[in-house]
Amino acid sequence: SARRRGAAPPDDETTTMSANADHRTPNAPLIDSFGRVHNNLRISVTDRCNLRCTYCMPEEVTFLPREELLTFEEIARVVRVGVHLGINKLRLTGGEPLLRRHLDRLIALLVSIPGIRDISVTTNGLLLSEQAAALYDAGLQRINVSLDTLRSQVFRRMTRREGLDRILAGIQVAHQVAVQIDNFHSVYGHRLTLLVFDCDYFAPSLTANTWSRKPPFSSSRKI
């Protein structure tokens with residue numbers, strides 16, 4: 001029988017499908033028409049965002065009803081199927097993924113799936129101060145902070161919101177949790193890696209408060 005969009009299947013169906021996904025023989029890998037093998041799955045956990053970047057989202061927008069979003073358990077089922085198609089890396093995005101309540105619980109659930117080797121989150125960083133520690137404790141391996149500029153006026157003009165100081169504070173909190181900050185806008189850590197992209201092509205040192213005109217990417221450095 002049909003069920004509403006986004007509704008979870010009956011318990012017996014969930015149990016059967018999960019068991020089949022966990023024990024079946026791996027299928028052929030995901031190969032596109034150019035012969036490239038794909039092992040990275042991007043998962044949008046919400047369409048909501050707390051910024052209104054001019055190149056991304058209008059000021060007024062209608063979001064999906066929350067009941068139409070996949071539940072954490074449904075997301076995990078999709079990932080288990082993907083693992084048997086060669087998926088071993090996950091990137092959680094949005095909208096702004098940190099707006100999804102209890103995101104750390106989803107990360108902990110995905111980390112426990114055999115075959116998943118890498119999980120990252122792409123965020124605008126506005127809520128990073130409050131959530132960085134919980135995300136790290138849940139097993140998050142990398143955070144990718146999308147930051148268009150380090151100039152307050154440019155930030156307000158591009159995002160139509162305030163918040164640059166909150167983002168920079170969130171980066172500092174992530175640094176205190178697990179990471180080191182490098183002048184190439186890349187932060188390396190044992191379990192958490194933070195990448196900061198600045199379209200102005202300045203490379204700030206958040207710890208020394210100094211500036212360099214070096215481009216943020218270097219062919220001789222891993223980024």
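**Salt bridges and helix packing: a short tour**

Hi everyone! A search of the whole structure turns up seven salt bridges. Before we look at some of them, please keep in mind that this is a predicted model.

Let's begin with the pair arginine 36 and aspartate 32. Their side chains meet in a salt bridge, with 2.7 Å from N to O. How exposed are the two partners? Arginine 36 has a relative accessible area of 48%, so this residue counts as partly exposed. Aspartate 32 is also in the partly exposed class, at 22% relative accessibility.

Next comes a pair of neighbours in the numbering. Aspartate 47 forms a salt bridge with arginine 48, and their closest N and O atoms are 3.7 Å apart. Is arginine 48 buried or exposed? The cut-off for buried is under 20% relative accessible area, and arginine 48 comes in at 18%, so arginine 48 counts as buried. Its partner, aspartate 47, has a relative accessible area of 24%, which means that aspartate 47 is partly exposed.

Now for a third pair. Glutamate 59 forms a salt bridge with arginine 161, with the closest N and O atoms 2.8 Å apart. Where do these two residues sit in the chain? Glutamate 59 is in the loop between strand E3 (40-44) and helix H2 (72-83), while arginine 161 is in the loop between helix H5 (152-159) and helix H6 (164-177). The pair therefore ties together parts that are 102 residues apart in sequence. Glutamate 59 is partly exposed, at a relative accessible area of 33%, and arginine 161 is partly exposed too, at 27%. There is a further partner here: salt bridges that share partners join Glu59, Arg160 and Arg161 into one network.

Let's move on to the helices, and please find H2 and H3 on the structure. Helices H2 and H3 pack at an angle of about 30 degrees, and their axes are 10 Å apart. Angles under 35 degrees count as roughly parallel, so H2 is roughly parallel to H3. The crossing of H2 and H3 is right-handed. Which residues make the contact? From H2 we have Phe72, Glu73, Ile75, Ala76 and Val79, and from H3 we have Arg105, Leu106, Leu109 and Leu110. Sorted by class, this contact has seven nonpolar residues, two charged ones and no polar ones.

H3 has another partner, so stay with that helix for a moment. The axes of H3 (residues 103-111) and H4 (residues 128-138) come within 8 Å and cross at roughly 15 degrees. That angle makes H3 and H4 roughly parallel to each other, and their crossing is right-handed. On the H3 side, the contact involves Leu103, Asp104, Ile107, Ala108 and Val111; on the H4 side, Ala134, Leu135 and Ala138. How many residues of each class are in the contact of H3 with H4? The contact has seven nonpolar residues, one charged residue and no polar residues.

One last stop, and then I'm done. Glycine 139 lies in the loop between H4 and strand E6 (142-146). With a relative accessible area of 10%, glycine 139 is buried. You have already met arginine 105, which takes part in the contact of H2 with H3. Glycine 139 and arginine 105 are 34 residues apart along the chain, and their C-alpha atoms are separated by 9.9 Å.

Thanks for listening!

Technical notes:
Residues are numbered from 1 along each chain as its sequence is written. This is a predicted model: local features need pLDDT of at least 70, side-chain atom pairs count only at pLDDT 80 or more; totals for chains, interfaces and linings use all residues. Side-chain values use heavy atoms; hydrogens and water are left out. A salt bridge is a side-chain nitrogen of Lys or Arg within 4 Å of a carboxyl oxygen of Asp or Glu. Buried means under 20% relative accessible area, exposed over 50%, partly exposed in between (1.4 Å probe, protein chains only). Helices (H or I, at least four residues) and strands (E, at least two) are DSSP runs, numbered from the N terminus. Axes are lines fitted to C-alpha atoms, for helices over the stretch in contact, and angles run from 0 to 180 degrees between N-to-C directions. Angles under 35 degrees count as roughly parallel, over 145 as roughly antiparallel, 65 to 115 as roughly perpendicular and the rest as oblique. A crossing is left-handed if the near helix is turned anticlockwise from the far one by less than a right angle, and right-handed if clockwise. Contact means heavy atoms within 4.5 Å. Ala, Val, Leu, Ile, Met, Phe, Trp, Tyr, Cys and Pro count as nonpolar, Asp, Glu, Lys and Arg as charged, and the others, Gly among them, as polar.
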